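Q: Please take a close look at one part of this model, namely the pairing of charged side chains. Follow that pairing into the surrounding parts of the chain, and set out the reasoning at each step.

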Amino acid sequence: MASSLLRTDKEIAEIYQRHKDMVYRICFAYMKNAADTEDVVQDTFINLIRSGTAFASQEHEKAWFIRAASNLCKNALRHWWRKRENLYDHGDIEVNAKIDETLQVVMELPDKFKTVVYLYYYEGYDSTEIAHILQKPQSTIRYYLSQARKLLRKKLGGAMDAE
């Protein structure tokens, strides 16, 4: 990691390449359409450039992106002019990230569940790490995972492994 708060174009490009897909998936889970998702992804990386945040490690860097992207999405969805949109209203817009049936169902979960499920199953964090990233008690994270699994079982059918 760079010790200076100023990054070169090359460093920013490398950081972008490392995290663009993850940030896009997180934002798409919240925004539910490609245009709004791309706007928030762009804002996330602009915040990185403007903030000059120095990261202690790769994990710190990844956690910063997860937190920043989630917060920007939540802020965008809170605006008075923003109405909730259905994913299926935008069937004609091409999506840049691979979205399988399971991820599509995960994106339909309530906000408090979808972030936790995404971080646990798609990014490989355990409940302790997710609690730290989202600044919530670990018991809350485990509860969210439990409730989300129940909802996913109903929607997807079949048995999911209870971890």
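**Salt bridges and their surroundings**

A: Asp111 and Lys114 form a salt bridge through their side chains, with a nitrogen-to-oxygen distance of 3.1 Å. The model in which this pair occurs is a predicted one. Both residues belong to helix α5 and stand 3 residues apart, so about one helical turn separates them. The two partners fall into separate accessibility classes: Asp111 is partly exposed, because its relative accessible area is 26%, whereas Lys114, at 2%, is buried. The cut-off behind this reasoning is that buried means under 20% relative accessible area.

The total for the structure is 4 salt bridges. Side chains of opposite charge can pair when their charged atoms come close. The pair just described lies within one helix, and the next one joins two helices.

Arg18 and Glu61 meet through their side chains in a salt bridge with an N to O distance of 3.0 Å. Arg18 is part of helix α1 and Glu61 part of helix α3, so this bridge ties together parts of the chain that are 43 residues apart in sequence. Here again the accessibilities of the partners diverge: Arg18 has a relative accessibility of 39% and therefore counts as partly exposed, while Glu61 has 0% and therefore counts as buried.

Another link begins in helix α1 and leads to a loop. Glu123 is bridged to Arg25, and their closest N and O atoms are 3.2 Å apart. Arg25 lies in helix α1 and Glu123 in the loop between α5 (111-122) and α6, so parts that are 98 residues apart in sequence are tied together by this pair. Glu123 is buried, because its relative accessible area is 14%; Arg25, with 25%, is partly exposed. This pair also belongs to a wider arrangement, since a network of salt bridges links Arg25, Lys62 and Glu123.

His19 adds a further view of this region. This histidine is located in helix α1, which covers residues 9-31. When residues up to four places away in sequence are not counted, His19 touches Phe45, Glu61, Lys62 and Phe65. Among these contacts, Glu61 is the salt-bridge partner of Arg18, and Lys62 is a member of the network with Arg25 and Glu123. His19 has a relative accessible area of 5% and is therefore buried.

Helix α3 also takes part in the largest pocket, whose volume is about 260 Å³. The elements that contribute two or more residues to its lining are α3 and α6 (127-134). Of these, α3 provides the largest share, 5 residues. The lining consists of Glu59, His60, Ala63, Trp64, Arg67, Tyr125, Glu129, His132, Ile133 and Gln135. Sorted by class, it has 4 nonpolar, 3 polar and 3 charged residues.

The surroundings of helix α2 complete the picture. Thr37 lies in this helix, which covers residues 34-51. Apart from neighbours within four places in sequence, Thr37 is in contact with Tyr24, Cys27, Phe28, Met31 and Lys32. Thr37 is buried, because its relative accessible area is 0%. Its contact partner Cys27 also has 0% relative accessibility and therefore counts as buried.

What is the disulfide count of the structure? The structure holds 0 disulfides. Cys27 is in no disulfide, the nearest cysteine sulfur being that of Cys73 at 3.6 Å. A disulfide requires the sulfur atoms to be within 2.5 Å, so the 3.6 Å between the sulfur of Cys73 and that of Cys27 is too far for a bond. Cys73, with a relative accessibility of 0%, counts as buried.

Beyond helix α2, Ala54 is found in the loop between α2 and α3 (58-78). Ala54 counts as partly exposed, because its relative accessibility is 37%. The C-alpha atoms of Ala54 and Arg7 are separated by 9.6 Å, although these residues are 47 residues apart along the chain.

Terms used:
Residues numbered from 1 in each chain as written. Predicted model: local features only at pLDDT ≥ 70, side-chain atom pairs only at ≥ 80, totals over all residues. Heavy atoms only, no water. Helix = DSSP H or I, 4+ residues; strand = E, 2+ residues; numbered from the N terminus. Buried < 20%, exposed > 50% of the residue type's maximum accessible area, 1.4 Å probe, protein only. Contact = heavy atoms within 4.5 Å. 1 Å grid on protein atoms, 1.4 Å probe; cavity = no way out; pocket = protein on both sides within 12 Å on 5 of 7 lines; lining within 4 Å. Points joined across faces, edges and corners; volume = space filled by probe spheres on them. Nonpolar A, V, L, I, M, F, W, Y, C, P; charged D, E, K, R; others polar.
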